Amino acid sequence: MLNYWIVALPRPDMERCLEIGTFGMNYAYLLGRVQPGDKIVFIASRREWQVMAFGEVVKGHYVSSKRVFLSNAGVFEHRIDFEAKTLPLKSELDFRTIVHRLSFIGNAVKWGPYFMHAIREMAEKDWTYIRSHLPTKTSS
C-alpha cells in the first residue's frame with residue numbers, strides 16, 4: 001500500500017537531506033512504516049514554511065551510525081533514502097497558504113505542533129492538493 005509523507009526541517013538541514021537523498025531521526029516507530037515507493041513532500045520549516053521538493057522513497061527504514069547530517073544534535077541513525085525533485089527557489093510554494101485545506105491538520109490556526117517529529121503521514125488527497133498548487137512549470 002502506497003503511503004504519503006511530509007517532512008519539515010529547517011532549510012539548511014532540509015538542503016542537506018535533499019543533497020544526500022537521506023532523511024534520519026532518532027525514532028524508529030515512524031520511519032519503520034515508510035516503504036519504498038511511498039511519496040514525500042519536503043518543507044523548509046521554522047519561519048519559512050516553503051515547499052522545497054517532492055520525492056519517492058527508494059529504501060525503507062534502516063539503521064546507520066555514519067555521520068552525514070549537519071546537526072550536532074545526534075547521528076539520527078534511523079533512516080530512509082529517497083529520490084527527490086527540488087523546486088527552483090522562485091517556484092517554492094508557501095505552505096501557509098494551503099495549510100488550512102489539508103485533512104491531517106486539525107487546527108489551521110495552531111498547526112506547528114503537527115510537525116513536532118519532522119515527519120508526518122498524510123492522505124493522498126493532501127499530496128494531490130499540495131502538488132496542484134505548484135506553479136504549472138514545476139507540477140509535472
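Two strands count as paired here if DSSP finds at least two bridges between them. With that in hand, welcome to this predicted model. Strand 4 (residues 50–63) is a good place to start, as it pairs with strand 3, with strand 5 and with strand 6. After those pairings, we will stop at Asp81, a buried residue in strand 5.

**Strand 4 and its partners**
- Strand 3 (residues 39–44) runs antiparallel to strand 4, and six bridges join the two.
- Strand 5 (residues 78–86) is also antiparallel to strand 4, with eight bridges between them.
- Strand 6 (residues 93–94) pairs with strand 4 over two bridges, again in the antiparallel sense.

**Bridge partners to look for**
- Gly55 of strand 4 is the bridge partner of Ile40, and Gly55 also has a bridge partner in strand 5, namely Ala84.
- Gln50 has its bridge partner, Asp94, in strand 6.

**The hairpin of strands 3 and 4**
- Five residues lie between the two strands of this hairpin.
- Arg46 takes a positive phi there, near 70°.

**A stop at Asp81**
- Asp81 is buried and has no salt bridge.
- Lys59 is the nearest side chain of opposite charge, 4.8 Å away from Asp81, whereas a salt bridge has to be within 4 Å.
- The side chain of Asp81 does make a polar contact, at 2.8 Å, with the side chain of Thr22.
- Beyond its neighbours within four places in sequence, Asp81 is in contact with Gly21, Thr22, Val57, Val58, Lys59 and Tyr62.

Definitions and conventions: Residues numbered from 1 in each chain as written. Predicted model: local features only at pLDDT ≥ 70, side-chain atom pairs only at ≥ 80, totals over all residues. Heavy atoms only, no water. Helix = DSSP H or I, 4+ residues; strand = E, 2+ residues; numbered from the N terminus. Buried < 20%, exposed > 50% of the residue type's maximum accessible area, 1.4 Å probe, protein only. Lys, Arg positive; Asp, Glu negative; His and termini not counted. Polar contact = N/O pair within 3.5 Å; in protein donor to acceptor, adjacent residues only side chain to side chain. Contact = heavy atoms within 4.5 Å.
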